[in-house]
Amino acid sequence: MRSVIVGTAGHIDHGKSALVRALTGTDPDRLPEEKRRGITIDLGFADLQLGDVRFGFVDVPGHERFIKNMLAGAHGIDVVALVVAADEGVMPQTREHFDICRLLGVQRGVVVITKADLVEADMLPLVEDETRELVAGSFLEESPVVTVSSKTGAGLDQLRTVMVDVAQKTPARSSDQVTRLPVDRVFSMKGFGAVVTGTLISGHIAEGDELELLPPGIAVRVRGTQVHGRAVARAEAGQRTAVNISGVDLRQIERGMVLGAPRRLRSTQIIDATVSVLPTAARALKSRTRVRVHIGAAEVLARVRVLEPDGTIGPDDEGLVQLRLESPVVAVHNDRFVIRSYSPQETLAGGVVLHPFATKHRGKDLEQTRQLLEQLSQDDRQLKFAAFVEFAGQNGIRFSDLAATTGWTDEVLVSVAASARANHPLTDASGVFISSRHLQDYGRRVNEELERFHRREPLSRGLLRETLRDKVFAHSVPEIFSSVIATLENEGSLVSEKDTVRLASHTVDLSDKDRNLRERLQRESSSAGVEAPSIDELINRIGVTSSERQHARKILQLLIEAGQIVRIQGDMVMDASVVEDLKRKLMAHGAATEPDRLIDVARFKELAGVSRKYAIPLLEYFDRERVTRRAGDKRVILK
C-alpha cells in the first residue's frame, strides 16, 4: 500500500483543521487550548485510506506566531494542500506557507478553496483566479483547484478523487538512505515510557531495532512502532510513525532531535549550502547576519557567511553560504532548510545542504571552495563523491565519514565509490579516500625528505619509519602513510626494511678508512666472545680519538643493521656468530631434556660460560627472539 504524507498550508482560520476533520473524521486539534481558542497552535495528525493509498495528514497552525511549529511538520510532506478560504481569499500566511513549501522542495499538491458555503457562487471564480495568480510559475501551477465546504460536505468527494490521482503521481521515497526520523512530538504513555513521533523520511524501523537519538548520541531500543495509531511490525519510509523507545529519559528528548541508524549519523554546527532568497524578502542576506534556521523539525540560531564575491545575496537571487549554527543539528547532504530573520521573524530564504561537515573557509581558497560546492550541486553522485574527497584534502575521508555526510546506505556508497575511483583521480587508501593529487604530493615530499636525510647521514641505511611519519604525515591518518609507502615501493623508488625506509638509489659507500674501522669493530666484537661489551666499551677498545667516536657509532650501526653484530640489550652488543653458537647450544640442551625442554639461569650460565651479569640479558634476548619462553624461574626452550 502506498503511503503519502499530506501537509496543510494556509492562513489562520481558513479551515485547514475543519477540512482534515471532514475528510478523515479525526479532529487534529488535540490541545485543550486549541479547543478553547478555536485555532491550531501545534501540529495535528490524522489519517485516511482511499483505495490502495493511505494518507497521513499533518495539520499545521496558520497563525504567524506559530510558523516554527508549521515548519517542524512541513519538512516531511509529499503533497501540500494549499487552503484558501472563499470568504477572505489569499492572505499573508497563505503566501508565507506557500513560499515555505516551495523552499522545502515540495513537488506535488492540490489547491483547496474552503468555506464555499459562506459566499455567493459568483465570488468563487474570483478567489480561484487570485489563487492561480499566487501559484503561477510554481509546482502548483498545473495542480487542480477544488472548491469545498467542510460544513455541508460539498466538493469533498471530488477532493478525495483528486488526492488519489495526485498520490499516484507522487514518486515513492528513495531506499538509498539509512533510517532517519526527525522528532516533531514527544510524550509518555503509562506502562510504555517515552514515545516519539515524526515522519520517517528514510529507512525503516521495527520492534527490537537498536537506534541512536541525536544530537546527544543516546543509544535506544525500539519497544514498538505504530503507524496512524495502529501497531505494525515495521514502519517504512514515508509513513507517520510513533516509536516507543527505551534507554532514554523523556526529559532528555526534544523536538528537533533525530532518531537514526546507530553510529551512522552525526551532528554538526557548520554547514555549506546553496540558498535562494525570496523575491518578497524584506532584506538581502549578508555575511554575519544572525538568522533562524529550520531544518528537519529543529530550529536553531546561526550566523551566515555569504560565499559570494560581494558578500550579499539579494531578494530573488541565489548563492552559496556557510551557516555557523549556535546549536548542533543532524543534517546530511541534500537536506532542505528554511531561513527566517532573527527579529522580526520573517521567512527570508530556503536552501539545500551541500556539505554538512564544512570547515571555516580561508579567503584565498574561496574560489576553489565555490567550484567544489558547485560540483556538489550537480545531480551526479560520482561528482559529489569526488568533491567530498577533494574537500577532505590531505587528510582524506573515511567510508564512515562519507556515510555520515551523505546518509547513503552501504550498498549505495560501495557502488558510487567504485564508479568514482574508475572515473575520477582518487585513491582508496585502505578505506580512506584521498585525491590522487594529494597522494602524489605526499610521495614527492617523502622522496625529498629521504634525499635530505641521505645527504645528512650518508652512512645510515635509512630513516626510521616513525621519524618519516612525524615529518611528512603528522596530520594524516595511518592508512595514508602506509598507502604512500606501499605505492612508492611498488614503483621501485623506495625500499622499506623493518623499521627503516630509504630511497632505492641509496647505497652506503665506505671509504678505505671506514672499511678499516668496520673490520676493527667486527674483530674486537668477535674476540670479546660471550662477554658482550657495551657500545662505548667496544669503541674504546679499538682506540679511536674523541672526534672519531660519533663516526665509529655510525659504522657500528651499519654492522648492527647488516646483522653482523647483535644488540642484546640497551647498549650491550655481541658478535652474531657468538649469538648463533649460543642458540645452537640451547637447542641441543632442549633436545636432551625432552619433553620438558627446561633450563634455569644456573644451567644457562654453565652452558654459555658466562656470569649472571651476561646470563640474564642473554636469556631475555632469547625470550624476545622466541628461542625461549619464561616459565616461572625457568625457561622453556622452544622448538
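How do the residues lining the largest cavity divide into nonpolar, polar and charged? There are 10 nonpolar, one polar and no charged. Ala, Val, Leu, Ile, Met, Phe, Trp, Tyr, Cys and Pro count as nonpolar here, Asp, Glu, Lys and Arg as charged, and the others, Gly among them, as polar.

A word on the basis. This is a predicted model, where local features need pLDDT of at least 70, side-chain atom pairs count only at pLDDT 80 or more, and totals for chains, interfaces and linings use all residues. Residues are numbered from 1 along each chain as its sequence is written, and side-chain values use heavy atoms, with hydrogens and water left out.

Back to the cavity. On a 1 Å grid over the protein atoms alone, a cavity is a set of points where a 1.4 Å probe fits but cannot get out. A pocket is an open set with protein on both sides within 12 Å along at least five of seven lines. Lining residues have an atom within 4 Å of a point. Grid points are joined across faces, edges and corners, and a volume is the space filled by probe spheres set on the points. The count is two cavities of 30 Å³ or more. The largest cavity holds about 60 Å³. Its lining includes V6, T8, L19, V20 and L23. F57, A81, V110, V112, L159 and M163 line it too. β1 (2-10), α1 (16-24), β5 and α6 (156-169) each supply at least two lining residues. α1 gives the most, with three. Helices (H or I, at least four residues) and strands (E, at least two) are DSSP runs, numbered from the N terminus.

Now the largest pocket. Its volume is about 1400 Å³. It has 45 lining residues, and the closest to its centre are R173, Q177, N334, D335 and R336. By class, the lining has 19 nonpolar, 15 polar and 11 charged residues. β7 (180-182), β22 (318-330), β24 (347-355) and α8 (381-392) each supply at least two of them.

Next, three helices. Start with α5, residues 124-135. It has 12 residues and reaches 17 Å from first C-alpha to last, close to the 16 Å expected at 1.5 Å a residue. The expected span is 1.5 Å times one less than the number of residues. Which residues of α5 are buried? L124, V127, T131, L134 and V135. They cover an arc of only 85 degrees around the axis, which puts them on the same side of α5. The arc is that of the directions from the helix axis to the C-beta atoms. Buried means under 20% relative accessible area, exposed over 50%, and partly exposed in between, with a 1.4 Å probe and protein chains only. The face turned away from the buried side carries exposed L126 and E133. The buried residues of α5 pack against β4 (79-85), α4 (92-103), β5 (108-114) and β6 (145-147). Contact means heavy atoms within 4.5 Å. After α5 comes G137, with a positive phi near 80 degrees.

F139 sits in the loop between α5 and β6. Leaving out residues up to four places away in sequence, F139 touches V80, F98, C101, R102, V106, Q107 and R108. F139 and Q107 are 32 residues apart in sequence, yet 5.7 Å apart in space, C-alpha to C-alpha.

Second helix: α10, residues 410-423. Its 14 residues should span 20 Å at 1.5 Å a residue, and its end C-alpha atoms are 20 Å apart, which agrees. V412, L413, V416, A417 and A420 are its buried residues. They fall within an arc of 125 degrees seen down the axis, so they line one face of α10. E411 and A422 are exposed on the face turned away. Packing against the buried residues of α10 are α8, α9 (399-406), β26 (426-429) and β27 (432-435).

Third helix: α14, residues 512-528. It has 17 residues and reaches 24 Å, close to the 24 Å expected. Buried here are D514, L517, L521, S525 and A528. Their arc is within 65 degrees, so they line one face of α14. On the other side, D512, R523 and S527 are exposed. The cover over the buried residues of α14 includes α15 (535-541), α16 (549-561), β31 (565-569) and β32 (572-575). G529 follows α14, with a positive phi near 60 degrees.

Last, R398, in strand β25 (residues 397-398). R398 counts as partly exposed, at 31% relative accessibility. Not counting residues up to four places away in sequence, R398 touches G431, V432, V477 and E479.
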